[in-house]
Amino acid sequence: MNSPKPKTPLPSVATENWGDWKWHMRNRIRNEADLCAYLDPTDQEKEAIEATKGVFQWSVTPYYASLMDATDTACPIRRQVIPLPEEMQFDSIGLEDPLEEVAHSPVKNLIHNYPDRVAFCVTSQCAIYCRYCLRKRMVGEAEFMMRKDELREAIAYIAAHSEIKDVLLTGGDPLTLGDAHIEWLLSELSAIDHLEIIRIGSRMPVKLPQRITSELCDILSRYHPVWLNTHFNHPKELTPEASEAIDRLLRAGVPVGNQTVLLKGINDTTKTMRELCQGLVKMRIRPYYLYQAQLIGGTAHLRTSIETGMQIMRELQGHLTGFAIPKYVLDTPYGKVPLTRDYVMGRNDEGVVIKTTRGDVWVEANEAPATGALPSV
Ligand SMILES: *Cc1c(COP(=O)(O)O)cnc(C)c1O
Ligand code: SF4
């Protein structure tokens, strides 16, 4: 390990630049020399930066980089964005497209896997590239850049399918697009009568909260109902800047939820997850999903077992404000599946036998006739 050598986290940056999201986008860390302004990379990190060049995208906003710990190589911020040599070890189960998104794509950029909902990839760009990304195969790649005529084609598909009630703007990160582009998309979509809600999936409140400007919030507020799901993974990300960005969204009437990916060494302990969930609800964000990490090539070192995830959930249930608890899910080509422990054990002569979150057994008396097929216990 490198000898601990504390560094000022921020290189001297004028306040007006620090508050300007476009400055952060222009000044992203993209090579080893840029990174050295924040920390001394380890030999392994240097090797991985070199080895992943041209294979996976890499960039980090100065804001997000300022949250990294310069002395702790296991820092959960650092491990989300600085590559390690393990990324180049493609395990045999590492897939490019584990959810068969390509097969569920009726037109380019649309994933229609649930009858009433579509995911609409409006850009392939992100402000930072998370090392575990589900769409690692496409993010940041020029061949996945979306042209306006292609976006129009996807909008036409939504307009032609009246069963679609809910569109989820995703990517990449939709909020890397400029305000005018976002407004164009929202106005086109809100003109479709059968669409009931628009959702945005964006990690900007986490990696570049400066992007959530009051101008952007004004735009969003004109196209309600607009919901936003963001993606905090660790309590260290819950900064005053992030909290202000969320406050602006909420004041614009945008309900904010959170999706977390369970990541080995980053957030796979009950203590960390509890702190994260409690911190989120303090910021008035509703924890929505906790995702089991997908089988993406080059991410095996960041995956943790489903047993660990279930154990964490067991330790949260009953010990945390009800609405602070996310649903632990696995995404499959057939949709998302809750990874829950069954609290209902079965039925005996007296009623339905339930194991409580505290481990006690409770029998809910037979007040209504059995109609299903619970096992006898
Ligand atoms: C996750 C997902 C959605 C949204 O699912 P919800 O459970 O309603 O949040 C929609 N389409 C696709 C392809 C998805 O993966
Ligand atoms: S912000 Fe989302 S889409 Fe972009 S790299 Fe991270 S996980 Fe992938």
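Reader: Which residues of helix α12 are buried in this predicted model?

Author: The model is a predicted one, and a residue counts as buried when its relative accessible area is under 20%. Helix α12 covers residues 270–282, and its residues that meet this criterion are T270, T272, M273, L276, C277, G279 and L280.

Reader: What do the buried residues of α12 pack against?

Author: Among the buried residues of α12 are M273, L276 and L280. In an α-helix there are 3.6 residues a turn, so residues three or four places apart point the same way. The buried residues of α12 pack against two strands and a helix, namely β6 (256–261), β7 (286–291) and α13 (306–316).

Reader: How far apart are the end C-alpha atoms of α12?

Author: Helix α12 has 13 residues, and at 1.5 Å a residue these should span 18 Å. The computed separation agrees with that expectation, because the end C-alpha atoms of α12 are apart by 18 Å.

Reader: What is the phi of R284?

Author: R284 follows α12 and lies in the loop between α12 and β7. Most residues other than glycine have a negative phi. R284 is not a glycine and yet has a positive phi, near 65°.

Reader: Is N109 buried or exposed?

Author: N109 lies in the loop between α6 (76–81) and β1 (110–114), and although it is not a glycine its phi is positive, about 80°. The relative accessible area of N109 is 9%. Because the cut-off is under 20%, this value makes N109 buried.

Reader: Which residues is N109 in contact with, leaving aside its neighbours within four places in sequence?

Author: With those sequence neighbours set aside, the contacts of the buried N109 come from other parts of the chain, since residues up to four places away are not counted. The residues in contact with N109 are A119, F120, C121, M146, E150 and L151.

Reader: What distance separates the C-alpha atoms of I212 and C277?

Author: I212 is found in the loop between α9 (204–207) and α10 and is buried, at 0% relative accessibility; C277 in α12 is buried too. Beyond four places in sequence, I212 touches L175, M204, P205, C217, A245, R248 and L249. Along the chain I212 and C277 are 65 residues apart, and their C-alpha atoms are separated by 22 Å.

Reader: Is the peptide bond from G171 to G172 cis or trans?

Author: G172 is found in the loop between β3 and α8. Most peptide bonds are trans. Another exception joins H224 and P225 with omega about 0°, and for the bond from G171 to G172 omega is near 15°, which is cis.

Reader: How do the residues of the shell around ligand 2 divide?

Author: Ligand 2 sits in the largest pocket. The residues around ligand 2 are C126, I128, Y129, C130, C133, V139, G172, R203, K207 and H231. R203 and K207 are among these residues, and the shell as a whole divides into six nonpolar, two polar and two charged.

Reader: What covers the buried residues of α8?

Author: Helix α8 spans residues 179–190 and reaches 16 Å from its first C-alpha to its last, close to the 16 Å expected. The buried residues of α8 are I182, W184, L185, L186 and L189. What covers them includes β2 (117–121), α7 (148–160), β3 (166–170), β4 (197–201) and α10 (214–221).

Key: Residues are numbered from 1 along each chain as its sequence is written. Chains are lettered from A and ligands numbered from 1 in the order in which they are written. This is a predicted model: local features need pLDDT of at least 70, side-chain atom pairs count only at pLDDT 80 or more; totals for chains, interfaces and linings use all residues. Side-chain values use heavy atoms; hydrogens and water are left out. A residue is near a molecule or strand if one of its heavy atoms lies within 4 Å of it. On a 1 Å grid over the protein atoms alone, a cavity is a set of points where a 1.4 Å probe fits but cannot get out, and a pocket is an open set with protein on both sides within 12 Å along at least five of seven lines; lining residues have an atom within 4 Å of a point. A molecule sits in a cavity or pocket if more than half of its atoms lie within 2 Å of its grid points. Ala, Val, Leu, Ile, Met, Phe, Trp, Tyr, Cys and Pro count as nonpolar, Asp, Glu, Lys and Arg as charged, and the others, Gly among them, as polar. Helices (H or I, at least four residues) and strands (E, at least two) are DSSP runs, numbered from the N terminus. The expected span of a helix is 1.5 Å times one less than its number of residues. Buried means under 20% relative accessible area, exposed over 50%, partly exposed in between (1.4 Å probe, protein chains only). Contact means heavy atoms within 4.5 Å.
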